[in-house]
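Subject: Handover of a structure

Hello,

I am passing this structure on to you, with notes on what was found in it. Please have it open while you read.

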Amino acid sequence: MTKNESYSGIDYFRFIAALLIVAIHTSPLSSFSETGNFIFTRIVSRVAVPFFFMTSGFFLISRYTCNAEKLEAFIKKTTLIYGVAILLYIPINVYNGYFKMDNLLPNIIKDIVFDGTLYHLWYLPASIIGAAIAWYLVKKLNYPKALMVASVLYLIGLFGDSYYGITEKISCLNSLYTYIFQVTDYTRNGIFFAPIFFILGGFIADNRPQITFGKSFLGFAISLALMLGEAMILHHFDLQRHDSMYVFLLPCMYFLFIVILHFKGKRLVSLRTASLIIYIIHPMMIVVIRLFSKLLHIQKLFVENSIVHYFAVCLTSVVFSVVLTTMWNKYKPKKAKHTADTDRAYLEIDLNNLEHNVKVLKRAMPQKCELMAVVKAEAYGHGLYEIATHLNKIGVKAFAVATIDEGIKLRQYGVLGEILILGYTAPARAKELRKYDLTQTLIDYKYALLLDKQGYDVMTHIKVDTGMHRLGFDAKDIEKISAVFSMKHIKVSGIYTHLCAADSVDEKDIFFTNVQIESFYNLLNQLKEKGITIPKIHIQSSYGLLNYPELKCDYVRVGVSLYGVLSSPNDRTKLHLDLRPVLSLKSRVILLREIKKGESVGYSRSFVANRDSLIALLPVGYADGYPRNLSCGKSYVLINGHQAPVVGKICMDQLAVDVTDIPNVKTGSIATLIGKDGKEEITAPMVAESAESITNELLSRMGHRLNIIRRA
């Protein structure tokens, strides 16, 4: 979830789910209809706990991750809550005679690990175990296989739960489940029950199924009806040992969660906290209601009348949770407010603009042509993880990088699809190419031979030199190119060239580019004549598409245009696409310094004030990718919608700007070095041109030590 997204539907349903769990433990319709009560508490209300698991999975489980910090934080927090809950209910356990049971220590261990020390607390250890299993499965196997393994676990749990009546009639299975029930009283736990829902939540978060509200609601209604039928049949034939797990609970939860995600709005943190408190405290409220009803002789109304009893427990639980939440918000330790991600200098990455650019570029591409996102050099400085994982989520399935290590990072981040290495990889690393399913560019015939000799089957694309004279086989060397297709361990899945003057509309460059194009297609025709099946071809980079859109290929390698900019501000192209910048570079004013006329600022005293001035210091410099040759008035930044010229020499970590004529500048004010501020805008091509460079170089130097803030 990006920083400005909020799923208020999840928060509202947390509250509803908490009240459904209260219903499970109070049977509100039992005084009126046993069948109605069964349907409400044992079928409809069974969506509550899986919803909580899916919510945790939605924010926790992802194949797009490379560390376990979020998992560790979740486990620590849940363990703390579980520990507090265990202590809270010790008096009730003492009253119930819990500590007088036989084999006390083994049973306490079993309850703490699996079943909970009170009937509702099983959810907390199940969350801990289920989250760990789900995270590991998704990390190691990715979603299809992880879902398969979790489904097998769920199936095992199913036959120890609602389908146990079948299991106990099969002697070998009955023996197996007898052993299971010695370890844990139920299969409704963190091993068999929770993982599938954690994974489903993560799957929805990573893949964002594009299902309309109407279709998702219809899917939920149908699944709920089928689950109702399933449960009633099982209940009729008395097959249920417990009634938490159903086959149709899985599609029911999938569609229900998507329905809930359609509701977005303001974050409701207090409602989340209150829901958790209701879940934890409601058994205590049941005891309180029963105790006071007995003392006041009103048991007939508040205990025997099940619906009144339910509402009384709900009301007291809600009131208690509101009071506790209010007190916590008022008296909790105050943390110093700070902007950890934006306190120095940072990049803002607009994922909406990225998605927009993908759509615009795809519309400009020939039919059946696929977009290959070039994400080398930290995605042109935009952040490899942030860009590549989001592109993968929205359906981009082909990527290009410069090095094998960039490709490995993508796989470790969970990126699926083809990953083409455009540059050189040492043949000795062929095993890693195969291990991480990376596609290697063949840079010439000798290189292909060396790679083949490593003995590992490697997917490759042949690079053809049609005039750039950089990497690649000579386009006229048909025999050596043909020979590559017969190599034992080299699997050719693509062939391509690079148009080195495609960014120019000068007649000479257009002529040269057309010669390159003709040379490439002549080579393909000669390969066909030799009986070689032509693999996927690609010839266009960003400018290849913008100036030669008529070329029909299997891929278009889009780099700088994907990020919504051109290499230079004055570049002319045949296509004029509505591309939007993805990156903004910002910093904060950390110090304001008043200087007198004649005083200097910075190294070499290169700036001397010709008037009394107000100078703002920004903690950003050339080590952050902002060019040093923009010093001494050659550039400006935007503060409060006004231009503030850079004064003095740009340092490694700092620069100074003159804000004498800008109103309301203060410590903490945001300075925009690239991007929009009010009606003013500084584009990356403008900055690059001022630095006598190109946008590609400027951007690729960023992102190494700058914090990245995603906006969507």
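In which helix does H236 lie? The residue belongs to helix 11, which covers residues 213-236. H236 has a relative accessibility of 63% and therefore counts as exposed, the cut-off for that class being over 50%. T672 is 436 residues away from H236 along the chain, and the C-alpha atoms of the two are separated by 68 Å.

Before going further, please note that this is a predicted model.

The chain as a whole

The chain has 712 residues, of which 51% count as buried. It contains 26 helices and 21 strands. Measured out along the principal axes, the C-alpha trace spans about 100 × 80 × 45 Å. Of the contacts with a separation of 6 or more, 71% are accounted for by residues 24 or more positions apart.Helix pairs

Three pairs of helices are described here, beginning with two that share helix 7.

Helix 4 (residues 69-88) packs against helix 7 with the axes 9 Å apart and an angle of about 165°. Because angles over 145 degrees count as roughly antiparallel, that is the relation of helix 4 to helix 7. Their crossing is left-handed. On the helix 4 side, the residues that meet helix 7 are L71, F74, I75, T78, T79, I81, Y82 and A85. On the helix 7 side they are L124, P125, S127, I128, A131, A132 and W135. By class, this contact of helix 4 with helix 7 divides into twelve nonpolar and three polar residues, with no charged ones.

Helix 7 (residues 123-158) also crosses helix 10 (residues 194-207), at roughly 65°. The axes of helix 7 and helix 10 come within 7 Å, and the crossing is right-handed. The contact of helix 7 with helix 10 has 19 nonpolar residues, five polar and one charged.

The third pair is helix 16 (residues 351-364) with helix 18 (residues 384-393), whose axes are 11 Å apart and pack at an angle of about 50°. That angle makes helix 16 oblique to helix 18. The crossing of helix 16 and helix 18 is right-handed. Helix 16 contributes L351, L354, E355 and V358 to the contact, and helix 18 contributes E386, I387, H390 and L391. Sorted by class, the contact of helix 16 with helix 18 has five nonpolar residues, one polar and two charged.

Two residues with positive phi

Most residues other than glycine have a negative phi. Which residue in helix 7 has a phi near 70°? That residue is N142, and the value is positive although N142 is not a glycine. N142 is found in helix 7 and has a relative accessible area of 24%, so it is partly exposed.

R605 is another non-glycine residue with a positive phi, of about 50°. R605 is placed in the loop between strand 13 (600-601) and strand 14 (607-608). With a relative accessible area of 51%, R605 is exposed.

Two loop residues

Where does R344 lie? R344 is in the loop between helix 15 (306-331) and strand 1 (345-350). Its relative accessible area is 24%, so R344 is partly exposed. Neighbours within four places in sequence aside, R344 is in contact with K586, S587, R588, P619, V620, D624, R705 and L706. One of these, P619, has its backbone oxygen reached by the side chain of R344 at 2.7 Å. Another, V620, is 276 residues from R344 along the chain, with 7.3 Å between the C-alpha atoms of R344 and V620.

Is G383 buried or exposed? G383 has a relative accessible area of 0% and is therefore buried. G383 lies in the loop between helix 17 (376-381) and helix 18. Aside from neighbours within four places in sequence, G383 is in contact with E378 and I708. Between G383 and H356 there are 18 Å, C-alpha to C-alpha, and the two are 27 residues apart in sequence.

Regards

Methods: Residues are numbered from 1 along each chain as its sequence is written. Side-chain values use heavy atoms; hydrogens and water are left out. Helices (H or I, at least four residues) and strands (E, at least two) are DSSP runs, numbered from the N terminus. Buried means under 20% relative accessible area, exposed over 50%, partly exposed in between (1.4 Å probe, protein chains only). Contact means heavy atoms within 4.5 Å. A polar contact is a pair of N or O atoms within 3.5 Å; within protein, one must be able to donate a hydrogen and the other to accept it, and residues adjacent in sequence count only if both atoms are side-chain atoms. Axes are lines fitted to C-alpha atoms, for helices over the stretch in contact, and angles run from 0 to 180 degrees between N-to-C directions. Angles under 35 degrees count as roughly parallel, over 145 as roughly antiparallel, 65 to 115 as roughly perpendicular and the rest as oblique. A crossing is left-handed if the near helix is turned anticlockwise from the far one by less than a right angle, and right-handed if clockwise. Ala, Val, Leu, Ile, Met, Phe, Trp, Tyr, Cys and Pro count as nonpolar, Asp, Glu, Lys and Arg as charged, and the others, Gly among them, as polar.
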